[in-house]
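Colleague: Please give me a close description of one part of this model, the binding site. I should like the contacts set out in order, with the criteria behind them.

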Amino acid sequence: MSVLFQTGKLHLPIRHFRNKFIKFQSLKCSSDAAKKFVVFDEVNALRRAQAQRSLVVQVSSESSFKELYGYCSKYATISDIHHYKNTSGEHFMLIEFENEENLTNILQQCSSHQKDLDVMPIQSPFLWFRAVVGSKESANSSKELAIKDGNCCVDEDLLLEELAKCETVSDQIMLLYQRTMLNDIGIRLRFMVARQMEMIFQSLYSNIVVQPFGSSVNGFGKMGCDLDLVLTNVLTKEMTSASRRLVYQDKKYEGRRTPWQRHLELIAHLLQLRAPGASRVQAILNARVPIVKYSHDLTDLDCDLCYNNTSGVYMSELLWLYGSVDARVRPLTFAVRRWARAVGITQPHPGRWVTNFPLTLMVLFFLQQTRSGGAILPSFKYLVNKSGREDIRIAEENLNCTFLRDLNKLPASAFGQNTDKLETLLFQFFEFYSQFDFQERAISINEGTSIRKPNASPLYIVNPLEQAMNVSRNVSYEECERLKLEIRNAAWHLETSLDNKKGDDWGLLGLIEKKTARGLKQLLRLGNLQRLVSVKDLFKDDENEPSTEGIKSKLQKFGKNKSTEKTDSDEKSEKVKFKNSQIAKEVFRIRRDKIL
Ligand code: CTP
Ligand code: MG
């Protein structure tokens, strides 16, 4: 058990836990004296327990807080209430009760179903608060909302303004990390969605556990990142003990598909039909790891559910561990991921390009290299060598996922030996990969040094838990070339802007959003309409290479037309052809990224 939990109570309030954890993180920067690392399993157990005593209640607005608090606190003790809105503008309160018994009480005494013949009732942790006519109970207590509008992502324009005002590139990197990282309510909601799945499917599948993994829990998640879920059967030794003589009858599946393809197909149907909030359900069963994709409208989450992918969970644990070793790892990774997204190296959907996961491995690998003072991160081989009996984990298909779990046991000499600033590290990251021999060498965090490529894949990044696999085998030659080109561009940009500060695109700004794109986006916002217009509405066929001024005048014209509600179909259908100009590239990028 980690030091933190030896001194604290099991029902430690999360704020307390977060503060301690943040303290640990920052202390790691300055001294090694305070070793208060919380192991991944404990963090997740805490989050699961929190979800088991929480409910999400839809309300009419945030001002329903007092009434909801007054009503619920008559029956149960409330720890905290967090408010958030989804993109449809609906309001929700996430209520955390003091214990699970409280939650059972309130559900038994206060919950009801709708009397509607078209609806088959179901129980899940997502409810709504019915309005009443007449007297309403309201709380007299001074209790306040723990957070208001907690799920909203940072305003991009504001973020860019703040970044422009930073003193150093290191400050910019840190600010980007702090403003965009997944927050407490973001994590809570992810565990609520997992809890909902468990509750709905528990009657059909006994002893199932639904766990978030990937960026929702590995410490590299940003607000709005997708939710990866894994469903597993957890049968303890006692449950399968031969001394127990009454054994449940089971149903064996016999058919063409593998049993779990069939079960996932069923789960997809059930999600569509029975899970409140689940929509756009799609079963992708022929992939290497079959998944069910769906959107959860009550929480605004895009979910990918798979079965028994415990190696994915152990991989998340490994990333969590590396991110916790040194306080610079996560901010640096955020900067790299954000740059990759901005230059179009990564995309929101999968394809023949690199994704965030291999990109993160590239950052870790870079931090394993010895530079002035030493390396920042140890190799994975080192973590395996330091593991003990308590660290043994075997995933599906007998995959050995054993490595040191508790960083309190990591010798201080094994990490954080280099003390370079974040800005230096970011520049060195691009410089390192500008010179990397992608043609002949593979990236291996297992060794901490590059190895000869086992095959001709354009980009080869060894899967640390399954070393015969390349996590970037999907990347095409063209995309790899583009990655190399953008790395060189970024190195060049940083080299010039580290010396020569404070132009419009200085430091991180030039990497994550060029001024041309910023200006264009601002121009495309029409007054107070709070919506963006489509680029195709703005240009004419007969114009090539328009200037920003040209765009401005068209916008004004467009705005005028909109406000007077003129519908000039000829004008609206007109399009412009761009020919290789910077502006055309930016417009294309904005349009492709669906910003408009
Ligand atoms: N994973 C893996 N092996 C792969 C790809 C993914 O083990 N070849 C695991 C990793 O733990 C990864 C998780 O699956 O974190 C989810 O993958 P993905 O959603 O692609 O990456 P995330 O880390 O969640 O990043 P993002 O924010 O882009 O979703
Ligand atoms: Mg993910």
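**The site around ligand 1 and the metal**

Modeller: A polar side-chain atom of Asn356 is placed 2.9 Å from an oxygen atom of ligand 1. A polar contact is taken here as a pair of N or O atoms within 3.5 Å. This is a predicted model, in which local features need pLDDT of at least 70 and side-chain atom pairs count only at pLDDT 80 or more, whereas totals for chains, interfaces and linings use all residues. Residues are numbered from 1 along each chain as its sequence is written, chains are lettered from A and ligands numbered from 1 in the order in which they are written, and side-chain values use heavy atoms, with hydrogens and water left out.

Gly312 approaches through its backbone, an N or O atom of which lies 3.1 Å from an oxygen atom of ligand 1. Asp226 instead uses a polar side-chain atom, 2.8 Å from an oxygen atom of the ligand. Taken alone, ligand 1 exposes 560 Å², of which the protein buries 76%; these areas follow the Shrake-Rupley method with a 1.4 Å probe.

In total, 14 residues surround ligand 1, and the closest are Ser215, Asp226, Asp228, Gly312 and Asn356; a residue is included if one of its heavy atoms lies within 4 Å. This shell divides into 5 nonpolar, 6 polar and 3 charged residues, where Asp, Glu, Lys and Arg count as charged, Ala, Val, Leu, Ile, Met, Phe, Trp, Tyr, Cys and Pro as nonpolar, and the others, Gly among them, as polar. Helices α10 (310-325) and α12 (356-367) each supply at least two of the residues, and α10 gives the most, with 3. Helices are DSSP runs of H or I, at least four residues long, numbered from the N terminus.

Two of the closest residues also hold the metal: Asp226 (OD) and Asp228 (OD) coordinate the magnesium ion (ligand 2) at 2.2 to 2.3 Å. Donors are N, O and S atoms within 2.8 Å of the metal (3.2 Å for Na, K and Ca), and sites may look incomplete because water is not among the atoms. The two aspartates fall into separate accessibility classes: Asp226, at 32% relative accessibility, is partly exposed, whereas Asp228, at 14%, is buried. Buried means under 20% relative accessible area, exposed over 50%, and partly exposed in between, with a 1.4 Å probe and protein chains only.

Definitions and conventions:
A polar contact is a pair of N or O atoms within 3.5 Å; within protein, one must be able to donate a hydrogen and the other to accept it, and residues adjacent in sequence count only if both atoms are side-chain atoms.
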